[in-house]
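Dear colleague,

I am passing on the structure we spoke about, and I would be glad if you could look through it with the notes below beside you.

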Amino acid sequence: MALEKDKIRTFLAFPLPADILEVIRDVQQCLIGRDIRISWVKPENIHLTVKFLGEISPASVQLAIQAAETTAVGASPMELSVKGLGVFPDARRPRVIWAGLSGRTQSLIDFQADLEENLANVGFEKERRRFKAHLTLGRVKKKLSPVKLVSAFDACGGFASRSFAADRLVLYRSQLRPEGAVYTALQAFDLAG
């Protein structure tokens, strides 16, 4: 059995184009200007995550690569755009502030289900929660007024980015550091379908 220090924290995600990250940065700035105090994710660290794998062994990394490659080979690029804001679990108890996605979202949901199945076939546990396509913008650390939140969303949520292609799945390593998470691409998989 691998020692804990040998484990690698990993997730599978689609990177976002630079101009899409600029849209996200603008939305975050709008919310900050509305006095919404959140622990914001740096825009350059925002990805379209489709599966968080957690702390896994180097052998499991190889299995994840195998499952991701199998999924990518049979999939076509998906045209998506970033649109609107939301929270998990709800506005009365917000924990996560997110930006939504529009476009070929059903294709993304189907892709994630195929990936989940291929990962399960090589020994990964299936996610119990239903997949909800989103981009995490920030995490709520202190109580936040639902009225203030709704007002900020009304002021800042009426945006839509241009369409972009989700066409390259990446297996990332996540290293948690005091200054924030550092993500390193371990392997990329072009959608070839």
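What follows is a short account of the sheet and of the helices that pack in this structure.

Please keep in mind throughout that this is a predicted model.

I would begin with the sheet, which is open and has 5 strands in the order β2-β6-β5-β4-β7, with antiparallel pairing. At its edges stand β2 (residues 39-40) and β7 (residues 164-166), and because each of these has a single partner strand, one side of each is left without a neighbour in the sheet. The partner of β2 is β6, residues 135-139, which runs antiparallel to β2 and is joined to it by 2 bridges; in one of these pairings, serine 39 has arginine 139 of β6 as its bridge partner.

Two helices can then be placed against this sheet. Helix α1, residues 18-33, packs on the sheet and touches β2, β4, β5, β6 and β7, while its direction makes about 30° with that of β6. Helix α4, residues 146-156, also packs on the sheet, where it touches β4 and β5, and its direction makes about 155° with that of β4.

There is also a pair of helices that pack on each other: α2 (residues 58-73) and α3 (residues 105-121) meet at an angle of about 140°, with their axes 9 Å apart, and α2 passes α3 in a right-handed crossing. From α2 the contact includes Ala64, Ala67 and Thr70, and from α3 it includes Phe111, Asp114 and Leu115. Taken by kind, the residues of this contact divide into 7 nonpolar, 3 polar and 1 charged.

With best wishes

Note on methods: Residues numbered from 1 in each chain as written. Predicted model: local features only at pLDDT ≥ 70, side-chain atom pairs only at ≥ 80, totals over all residues. Heavy atoms only, no water. Pairing = 2+ DSSP bridges. Helix = DSSP H or I, 4+ residues; strand = E, 2+ residues; numbered from the N terminus. Contact = heavy atoms within 4.5 Å. Axes fitted to C-alpha atoms, helices over the stretch in contact; angles between N-to-C directions. Left-handed = near helix turned anticlockwise from the far one by under 90°. Nonpolar A, V, L, I, M, F, W, Y, C, P; charged D, E, K, R; others polar.
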